[in-house]
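Student: I have a structure to read, and I want to learn about its pockets and its ligand. Can we go through them step by step?

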Amino acid sequence: MRVVVLDSPQEVSCRAAELFCQTIRSRPNSVLGLATGGTPLGTYNALVERYRAGEVSFAQCTSFNLDEYVGLGAEHEQSYASFMRKNFFDRVDIPHARCFLPDGTAKDLQAAALAYEAQVAEAGGIDLQLLGVGSDGHIAFNEPGSSLASRTRIKALTERTRRDNARFFSSIDEVPRLSITMGVGSILDARRILLIATGSNKASAVRALIEGPLTAQVPASALQLHPHATVVLDQEAASWLTRIDYYREVEHIQCEIEASIKQ
Ligand code: PGA
């Protein structure tokens, strides 16, 4: 796992955007795995800036989002479909017909989950998967206890996640109790994974996912199994790590190696 500690949330967003741009530069028809939440907003803003500056085009890309609330239609203001349109899809040149999210209003949610897995496979799998992490260590809506081999399915939200997400709704009572989410196993299928975390409320989850044991109690710890996972953190999110000096040293060496390859 590559651990990158940067000074500020702005730098985290820039680094994440740079990784997406590199991916698209090397493969213009990349399949992007996208995430919602407060943390990725800066990444989307940085990507929009680069798009407006003519540095990147999403015209040939396809995207798959991690999850959606059950019961909220794509037009609902708090649906993740609305979030993605407002914060990213409507601001860049990605064809909307190739932007996929799980369908939280499907009559047969289990069938919709299976169909979503099939769509990802048909697109050739995800090249770069963006992830945030919940304060309880969840990724997507894979709450603590989720099987590390889980696939796209229906998952109940914990009270803590509903409380964390209540800030986007008028009250906690409006936060749905169920989600349709890619599983931990589905996420691990991506060719590369990029997890971003900022702020002191993520410090405990970040330490558990990087330095703790591999456990279904911290679904994000499954990234330890992935051969190409990068975790980009600001100082606050990294503040509970015990081997931070080592990560900085490794990153310094890694950057030198990459610079020498470019020359
Ligand atoms: P946040 O959510 O970015 O809003 O903190 C992260 C997550 O729950 O994945």
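Student: How many nonpolar, polar and charged residues are in the lining of the second largest pocket?

Tutor: Sort the lining residues by class and count. This is a predicted model. The lining of the second largest pocket has seven charged residues, three nonpolar and two polar.

Student: Which residues line the second largest pocket?

Tutor: Look for residues with an atom within 4 Å of a point in the pocket. Here they are Arg2, Val4, Arg15, Glu18, Leu19, Gln22, Arg192, Thr230, Glu251, Cys255, Glu258 and Lys262. Now map them onto helices and strands. The elements that give two or more residues to this lining are β1 (2-6), α1 and α8 (244-262).

Student: What volume does the second largest pocket have?

Tutor: The volume is about 290 Å³. For the largest pocket, the space is about 800 Å³.

Student: Which residues are the closest to the centre of the largest pocket?

Tutor: Thr36, Gly37, Gly38, Arg167 and Phe168 are the closest, out of 42 lining residues. Two or more residues each come from α1 (9-26), α2 (40-52), β4 (67-69), α3 (80-87) and α5 (159-165). The largest share belongs to α3, with five residues.

Student: What classes make up the lining of the largest pocket?

Tutor: Count by class again. There are 20 polar, 16 nonpolar and six charged residues.

Student: Where is the ligand?

Tutor: Compare its space with the pockets. The ligand takes the space of the largest pocket.

Student: Which residues surround the ligand?

Tutor: List the residues with a heavy atom within 4 Å of the ligand. They are Gly37, Gly38, Thr39, Pro40, Gly132, Val133, Gly134, His138, Arg167 and Lys202. By class, this shell has six polar, two nonpolar and two charged residues.

Student: Which polar atoms does the ligand's oxygen approach?

Tutor: Look for N or O pairs within 3.5 Å. An oxygen atom of the ligand is 2.4 Å from a side-chain N or O atom of Thr39. For the side chain of His138, an oxygen atom of the ligand is 2.7 Å from an N or O atom. At Gly38 the partner is a polar backbone atom, 2.8 Å from a ligand oxygen.

Student: How much of the ligand's accessible area does the protein cover?

Tutor: Take the area of the ligand on its own, 290 Å². The protein covers 84% of that.

Conventions. Residues are numbered from 1 along each chain as its sequence is written. This is a predicted model: local features need pLDDT of at least 70, side-chain atom pairs count only at pLDDT 80 or more; totals for chains, interfaces and linings use all residues. Side-chain values use heavy atoms; hydrogens and water are left out. A polar contact is a pair of N or O atoms within 3.5 Å; within protein, one must be able to donate a hydrogen and the other to accept it, and residues adjacent in sequence count only if both atoms are side-chain atoms. Accessible areas come from the Shrake-Rupley method with a 1.4 Å probe; for residues, only the protein chains shown count as cover. On a 1 Å grid over the protein atoms alone, a cavity is a set of points where a 1.4 Å probe fits but cannot get out, and a pocket is an open set with protein on both sides within 12 Å along at least five of seven lines; lining residues have an atom within 4 Å of a point. A molecule sits in a cavity or pocket if more than half of its atoms lie within 2 Å of its grid points. Ala, Val, Leu, Ile, Met, Phe, Trp, Tyr, Cys and Pro count as nonpolar, Asp, Glu, Lys and Arg as charged, and the others, Gly among them, as polar. Grid points are joined across faces, edges and corners, and a volume is the space filled by probe spheres set on the points. Helices (H or I, at least four residues) and strands (E, at least two) are DSSP runs, numbered from the N terminus.
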